[in-house]
Amino acid sequence: MKCSGIIGFLLLVCVTCLAQASEPITFNSLLMEMVDRDSIARWPEPAYTCKQFSSYDRQTVSPDQPGWFANWDRSQFVRIEEVDGRKEYVMMDAEGPGAVVRIWATWHGPRGQPFSNGTIRFYLDGSDTPAIEGPISEVIDGGALVGPPLAEGVAAETEYGKRGHNLYLPIPYAKHCKITYSTDVPVDVGGRTGEALYYQINYRTYEEGSEVKSFSMAQLEAHKEAIDKLQFMLKTPEYREQVPEIEVKAGHREIRGGAQQSLSFTGPAAIHQIKFHLTAKNMEQALRSTLVEISFDGEPAVVCPIGDFFGIGYQMREVKTWYTKVDAGGTMTSLWVMPFKERCDISFTSLMGELRSPEEVAVWYEIRTKPWDWDDNSMHFHAAWRLYPEVDTGESKSMDDAPGVQDMNFVTVQGKGVYVGDSLVIFNGTDSWWGEGDEKIYVDGETFPSHVGTGTEDYYGYAWCRSEAFSSPFHAQPEGGGNMQPGYSVNSRYRALDAIPFTKSIKFDMELWHWGVTKVDYSPTTIWYAKPGATSNIKPEIENAGRTVTLHREQIVKPLKVPGAIEGESMQVVQANAGRANTQSGMRFNWSGDEQLWWMDANVSDKLEVTFDVEQAGRYDVLARLTTANDYGIIKISINGKTIDPIDLYATRVINTSHELGTFDLKQGPNTMVVEIVGMNSESTSPRHGFGLDYLLLTRKTR
């Protein structure tokens, strides 16, 4: 063997020994890593990938094939297994060494039956005995493992409890992890009869040879002190051990439109805290039109409106996460660690003068740096903001058809780094939900994303379009007023153990799936760390940052109202001898007045009787605007005792259809309409026998 070969072999042996001699990954080490903000600013050692299992619709295969925007994102599993006479639905099946680092879930019971949630089981390293077993609501955020904020439900209490369920407690495993779910109520796998489960599981897989010690329930008691301290730190994000600081720069500046104030710091060092406070007559515009710009070692890294940088968008709202805080007095705090080798330059610029008046913005700031050992694993902090103004949401949609859905690119980065978070600010122009779409994250040139989600609100830790404000260490909704009505919403998700490393590139897309027909302003802010030289596809959007936020009010869409129509929801329900008859709302279906008369869950031969008023007696041609859907039945209508031929209301998606019912003698005052269920289309997979009446339109005959 040549000398160079011997040296190479010895080096390889030394490196291998060093890797084997490194500290093992344990439950406790992951807890400490979660609250070590320095660690996320260095390339991880040992290296790992972060991927996701979820209940996304398995019709999602490729952008060039039907189903790319398929939306039955529930009760989709890896496979089904028979265990001791019960079915276990496999949610995750991954080889190790690795760790589960985030679980999100929500669920609902079968229609017409009480809510029932099943049992979740974690099988580690091939064992047939679960390391964790219990009701899913107890395990994820009910206190079976740990309390909040590591395990926490968000959004308002409902009959099902809180609707977004989050577990951030790490579950390490040495060789293998399988997570299953079982229930006594048949799971809904695309139909509409059983219990429905929606889930996302983020997990790490460490490089081969990494030593990981698997989780056991005994570790919860053994590390109780560490867990308690971590919980306290997560609830108190500004708390930290004594930090030796190099420099603190503070001041107060008044800047007119177009003006800029700049600061610089000398390295090696790291910014570890930034505080800003704005004063302006038009605070909304100032939050969007005051830019924070940061360069590290001569490379531009941050260009972002100040409100978006702190995760509140352009309205002052309180929020507290592990990395950001905005208090009731309007002081905005960033706790991201931002290392640099030689120099950091920070500037804040007002664009207010480029608007309709040269308004001043007063900026108070305090920026703190600490020592940093710059090495080959050190990375620069990046934050990029972009605005998609007045995005047309297209036609209304159903679960089976998505003509207006589109993939919105949050960011694409080229280089080596770690993706650590994002926020989304949206102005919604109509009375319906905007966040049905799923995230799709491609790492290192993947042709199919290793992260495919189940809904925008699921990605951000809540569920079911809930509008309540909440703050948690790693996800927040400072404002949700625009979730189901015209207005403004902002969601954030920040990452610690579920950060996503990439060696060549990362591409983050989010589907914009809106139930309504409108225009929205859609502005994501993305945050990542990267080795020097990395680039992104987002260029500074100075013009959009200066765009007046008052333009949003002009995007509000008024409900469609058909002149002269007798609205179905205005009719008096006399009786329904089975099922439920009520009003259904939703602008996504283009109903007149955004509502319809809705009758569901009746059986063949059941009848619904309603009355409607006519101002003048006479003979009238009657047109009915009816809804069709895949769970609607075949019905027969009679008006004042005159019956028409049956109408089949089945369709593969929700569509409004007009039907000429014929000519009827109508009297002044109340007239009676009876709807009878007479059957079900053979293509229908649901026995719900639905009926929906948008309106009747009467045309009086002159003779």
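**Exercise 1. A salt bridge at partly exposed positions**

Classify Glu238 by its relative accessible area, then identify the salt bridge that links Glu238 to Lys325 and place both residues in the chain of this predicted model.

*Solution.*
Step 1. Glu238 has a relative accessible area of 25%. Buried would require under 20% and exposed over 50%, so Glu238 is partly exposed.
Step 2. The closest N and O atoms of Lys325 and Glu238 are 3.1 Å apart. The cut-off for a salt bridge is 4 Å, so the pair qualifies.
Step 3. Lys325 belongs to strand 18 (residues 324-326), while Glu238 is in the loop between helix 5 (224-235) and strand 12 (247-255). The two are 87 residues apart, and the pair links distant parts of the chain.
Step 4. Lys325 is also partly exposed, at 24% relative accessible area.

**Exercise 2. Two further salt bridges and a network**

Describe the salt bridge of Asp188 with Arg74 and that of Lys440 with Asp407, and give the burial of each residue.

*Solution.*
Step 1. In the whole structure, 31 salt bridges are found. One of them joins the side chains of Asp188 and Arg74, with 2.8 Å from N to O.
Step 2. Asp188 sits in the loop between strand 10 and strand 11 (196-206), and Arg74 in the loop between strand 1 (48-54) and strand 2. These positions are 114 residues apart. Both residues are buried.
Step 3. Lys440 and Asp407 meet at 3.3 Å, N to O. Strand 27 (residues 439-443) holds Lys440 and strand 25 (residues 406-414) holds Asp407, so the salt bridge ties together parts that are 33 residues apart in sequence.
Step 4. Lys440 is buried at 1% relative accessibility, whereas Asp407 is partly exposed at 29%.
Step 5. Salt bridges with shared partners also connect Arg79, Glu81, Asp93 and Lys178 in one network.

**Exercise 3. A buried charge**

Locate Asp458, and determine which side chain of opposite charge is nearest to Asp458.

*Solution.*
Step 1. Asp458 is part of helix 8 (residues 456-459).
Step 2. The nearest side chain of opposite charge is that of Arg102, 8.0 Å away. A salt bridge requires a distance within 4 Å, so Asp458, although buried, has none.
Step 3. Leaving aside residues up to four places away in sequence, Asp458 touches Arg102, Trp104, Gln200 and Ala463.

**Exercise 4. A five-stranded sheet**

Establish the strand order of the open sheet of five strands and name its edge strands.

*Solution.*
Step 1. The order is 2-3-10-5-6, with antiparallel pairing.
Step 2. Strand 2 and strand 6 (132-135) are the edges, each pairing on one side only. From one strand to the next, the twist averages 25 degrees.
Step 3. Strand 2 (residues 79-83) and strand 3 (residues 86-95) are joined by five bridges; one pairs Val83 with Arg86. Two residues lie between the strands of this hairpin, where Asp84 takes a positive phi near 50 degrees.
Step 4. Strand 3 pairs with strand 10 (residues 176-182) over six bridges, and Met92 has Ile179 as a bridge partner.
Step 5. Four bridges join strand 5 (residues 119-124) to strand 6, including that of Thr119 with Pro135.

**Exercise 5. Cysteines**

Determine how many disulfides the model contains, and explain why Cys304 forms none.

*Solution.*
Step 1. A disulfide is a covalent bond between the sulfur atoms of two cysteines.
Step 2. The count of disulfides is zero.
Step 3. For Cys304, the closest cysteine sulfur is that of Cys344, and the distance of 15 Å is too far for a bond.
Step 4. Cys304 is buried, at 0% relative accessibility. Cys465 is likewise buried, at 13%.

**Exercise 6. Backbone geometry in loops**

Find the loops that hold Pro149 and Pro268, and report the phi values of Cys465 and Asp601.

*Solution.*
Step 1. The bond from Pro148 to Pro149 is cis, with omega near 5 degrees. Pro149 lies in the loop between helix 3 (136-141) and strand 7 (151-154).
Step 2. The bond from Gly267 to Pro268 is cis, with omega near 5 degrees. Pro268 lies in the loop between strand 13 (260-266) and strand 14 (269-279).
Step 3. Cys465 has a positive phi near 60 degrees and occupies the loop between helix 8 and strand 29 (470-471).
Step 4. Asp601 has a positive phi of about 65 degrees and is found in the loop between strand 39 (595-600) and strand 40 (607-614). Asp601 is partly exposed, at 30% relative accessibility.

Note on methods
Residues are numbered from 1 along each chain as its sequence is written. This is a predicted model: local features need pLDDT of at least 70, side-chain atom pairs count only at pLDDT 80 or more; totals for chains, interfaces and linings use all residues. Side-chain values use heavy atoms; hydrogens and water are left out. Buried means under 20% relative accessible area, exposed over 50%, partly exposed in between (1.4 Å probe, protein chains only). Lys and Arg count as positive and Asp and Glu as negative; His and the chain ends are not counted. Contact means heavy atoms within 4.5 Å. Two strands pair if DSSP finds at least two bridges between them. A disulfide is a pair of cysteine sulfur atoms within 2.5 Å. Axes are lines fitted to C-alpha atoms, for helices over the stretch in contact, and angles run from 0 to 180 degrees between N-to-C directions.
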